[in-house]
Amino acid sequence: MTVCGPGGGALPGARRMDRVLDTARDLGLDFFDLRIEVVPSDVLAQIAAYGLPIRAAHWSHGKVFQRMRLHGRMGLSKIFELVINNDPAYAFYLDTNTEADNLLLTAHVAAHSDFFKHNELFAGTRRDMVDEAARSAARVAAYRQRYGQERVEALMDTAFALHRHVDLHRGPHRRPYPGRRVVMRRRPAGPYDDLAGRQDYSMSESVEGDQVPPHPERDLLWFLSRYAPLDDWERDVLGIIRHESFYFYPQFATKIINEGWACFWHVEILQQHADLTPAETLEVMRLHAAVVAPGPGLSVNPYYLGFKILQDVERRLGREHLFALRSAEDDFSLIRNYLTGELCRELNLFAYGPGCSLHPVPDQRCPNCRHIRLESRSAGKVRDALLAPRYNYGVPRIVVVDTARGVLTLEQQDRRQRGMDLDYATRTLQAMQRLWQGPVRLLCAGEDGRQVTLTCSDGGVDKDYA
Amino acid sequence: MEWGASPWDLHRRGLQDARRHDERVREALRRDLPRLITEEALITRRGDRPIRIPVRYLDLFRFRYADEEAARGVGHGPGQEGDVLAREERPGPQPGDLPGDRPGREVYEAEFTVDEVAALMMEDLELPWLEPAAAGPVPSPAGRVRDVQRRGPWSNLDRRRTLYRHMRRRAARGDAVPLSFHDDDLRFRVWAPDHRRAAQAAVYLLMDRSGSMSTERRYIAKAFFWLVTFLRRRYTHVDVVFIAHDTEAYVVPEEQFFAFSSSGGTCSSSAYLAALEHIHRRHPPEGWNNYAFHFTDGENFPGDNEKAVEAARRLLQVTRMVGCGEIVYDSWHQFQAGKEPVVTRRSSLFRALDELDHPRLILCTIGSRSDVQRAMRELLSVQGGRGER
């Protein structure tokens, strides 16, 4: 562990923090080497807003930073600590934390790092992302100098609009589609000839690689950077944002379990860690209580939910099972497999939604439309409501289906389930059209659930209801 | 990488990007100005003192579900299925909002000065038909170089001429030592104030403050307020004369002009005549570019129309332009809500003025709050954009 206090000096209590880490190791946690740095609240808000200590500049990060700083100043939220998925793990502590706070945070951070190191979802993430992002930031800054703020920003706007449309299963490293070729296949003449041992074969001929893409393509950013007529620097910027998106997805998909894991262990470790004074114990307990508070009635604090689920799992299935769960599960499987009906009842959970069952017509809302109703207390509904905003990185399933005659044709695959915001979609298509330099078309469902084809070309936008 | 040594004070990326976001908000705000221009808070402040305007964070365009913001989720606590837990309080989208630059739901406050807002609003506006006037040359703030001398303050050193002198002297002597300046080499500029003639203009603001103008007067006042702010920003030498009228007209000081409340009938002719009288006395047309802007609801005393048209005709002879803004609305509530009026009436006075058919008489109507900016643009669009002199 390396600790740096404010201004680079030693942090009081560093020795005790080391002992906390020893206890964590004894209990079975295995984490990356820790580099702890104590920073002022504005810096902490900045790192939290960017997700990484140094990242390419973009106004959207500035927006988040501004909001966080404002919330921090108004006392709406306070960030005590922040840890980066990296080897070594960089952790940042708020400079106003007490020594006892920092002991708890050290245990918390160690558990996070253990999670990063061992959870299956994180296996493919870059462990040198802190350096990589800083290098990317320098390149983007150079592009800004060279090609101008406007162009780089417009490109980044488009990239951030699409950054969640990546193919999480195929991963960040992709080969281009195979080129056009004629494939000869040997086929048994009759349906069961191979089983019967007969040797009659016929030859079939098919052409592959004629169509781009050969299959519906979910990785829009990769597709554009590979197949749109772009300059090298533009491909690079799209690539940077795409890679960062892959890096951040596991954190998006393990919010509940990761925080639950960290909270579970900071309690566990500090209980084992005997040398707290009574006053410090009280302080630590107060901080813990604030961290795992259930939250206001119409939301559930993920720290609280994860903590309760893991506690429940340990009680029912034992600690060994916890370690297996930490390696194998993400939020989806954790909620589906371990948020039981009993636990839902114990935590008093419910799913809520708009009080009006009619399709809301814009500008025409009945009084019921404004009501928020308790929909159900069944565990199934609660699980669905918890996970609904997390599927597919929280964005509609949009795929590229065709590029015939230079028209980039997209499709919303879940258009029968949920409609899209057409204004937003139109703006996004217009931005894509500028990159594609040809017409862009999207088949999707609108606000009212009706299917519609949006076509963006130089001539403008065309809305065609099926 | 030595982390402990990193000077965190120098990490200003967040601030820089926040500033960029702020700029983008301002760009979006520019489109939103018609609505903003009639906001109450703006007019009550003067000068360059900052005002805080609630603006919304920008939301980047992307593919998103239509019901993304619907109140849906998981909560905890008591209650039975079907219970109403809360009411959703949120404003619907504003007309004209664009996604991508569409304001999000969350609000923060941005600081602007009235001058800044005026600048955003009136960037490309000008007083039309403005000419350098004959009388009374006015010093323009910039000076010009009158002479070059051998002595003077160092700040006025003319480096080019000095170097040239130096090179000539060296060349004449065949001296190879470079850059050995002598006092004789030095040349200094002498500045003189420039007495070029600048355009002189006087602007007459005529406001109907009759009883029929009780409620919407505030919005007229606002239009006037922006007009005055604009004039003061744009032109260094503009005389602004404030005339308030009902059946009689008075030249009033600026503060009273904006704070006045009154009642009574309307005789627009009185205001035109008062302006005429003032022009002849103080701003004769030979030396001055005169402008008159009149805002009224057009509810003129019918018997006065003829007189008013005649006065307007005479006023046009001594001014570069007369602009008349007419408030047209069906009901106050409609006006307040910013809706388009169902029936657009034109008052008898405006019909009469329209018959004058003078190229430098500009009539415009204000049908809703958001029209104020449009009216301003109509009155002050760029020179040459409309009609011939």
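How many helices and strands does the secondary structure of chain A come to? Select chain A and count 17 helices and 13 strands, where helices (H or I, at least four residues) and strands (E, at least two) are DSSP runs, numbered from the N terminus. A word on what is loaded: this is a predicted model, in which local features need pLDDT of at least 70 and side-chain atom pairs count only at pLDDT 80 or more, while totals for chains, interfaces and linings use all residues. Residues are numbered from 1 along each chain as its sequence is written, and chains are lettered from A and ligands numbered from 1 in the order in which they are written.

**Stop 1: chain A as a whole**

Along its principal axes the C-alpha trace of chain A spans about 80 × 65 × 60 Å. Of its 466 residues, 42% are buried, meaning that 20 or more other C-beta atoms, placed from the backbone, lie within 10 Å of a residue's own.

**Stop 2: β4 of chain A**

Now select residues 89-94 of chain A, strand β4: six of its six residues are buried. Show the side chains, and you'll find A:Ala89, A:Ala91 and A:Tyr93 on one side and A:Tyr90, A:Phe92 and A:Leu94 on the other, with both faces covered.

Next, add the neighbours. Two strands pair if DSSP finds at least two bridges between them. β2(A) runs parallel to β4(A), joined by six bridges, and A:Leu34 stands opposite A:Ala89. β3(A), residues 81-83, runs antiparallel to β4(A) with three bridges; here A:Leu82 stands opposite A:Phe92. Follow the chain from β3(A) to β4(A) and you pass through a hairpin of five residues.

**Stop 3: where A meets B**

Bring chain B into view. The contact takes 63 residues from chain A and 47 from chain B, with two residues in contact if their C-beta atoms, placed from the backbone, lie within 7 Å. On the chain A side, α3(A) gives the most, with nine residues. That side divides into 32 nonpolar, 16 polar and 15 charged residues; Ala, Val, Leu, Ile, Met, Phe, Trp, Tyr, Cys and Pro count as nonpolar, Asp, Glu, Lys and Arg as charged, and the others, Gly among them, as polar.

Zoom in on β7(A) and on β2(B), residues 73-76: four bridges join these antiparallel strands across the chains. Pick A:Phe350, whose bridge partner is B:Gly75.

**Stop 4: the open sheet in chain B**

Which order do the six strands of the open sheet in chain B have? It's β9-β8-β7-β10-β11-β12, with mixed pairing. β9(B) and β12(B) stand at the edges, each with a single partner strand, so one side of each is left without a neighbour in the sheet. At the β9(B) edge, four bridges join it to β8(B), residues 238-245, in antiparallel fashion; B:Ile243 stands opposite B:Val251 there.

**Stop 5: two crossing helices**

Finally, select α8(B), residues 305-318, and α10(B), residues 348-356. Their axes, lines fitted to C-alpha atoms over the stretch in contact, come within 10 Å and cross at roughly 40°. The angle, taken from 0 to 180 degrees between N-to-C directions, makes the pair oblique: under 35 degrees counts as roughly parallel, over 145 as roughly antiparallel, 65 to 115 as roughly perpendicular and the rest as oblique. Label the meeting residues, including B:Ala308 and B:Ala312 in α8(B) and B:Leu349 and B:Leu353 in α10(B). By class, this contact has seven nonpolar, two polar and one charged residues.

Technical notes: Buried ≥ 20, exposed ≤ 12 C-beta atoms within 10 Å, placed from the backbone.
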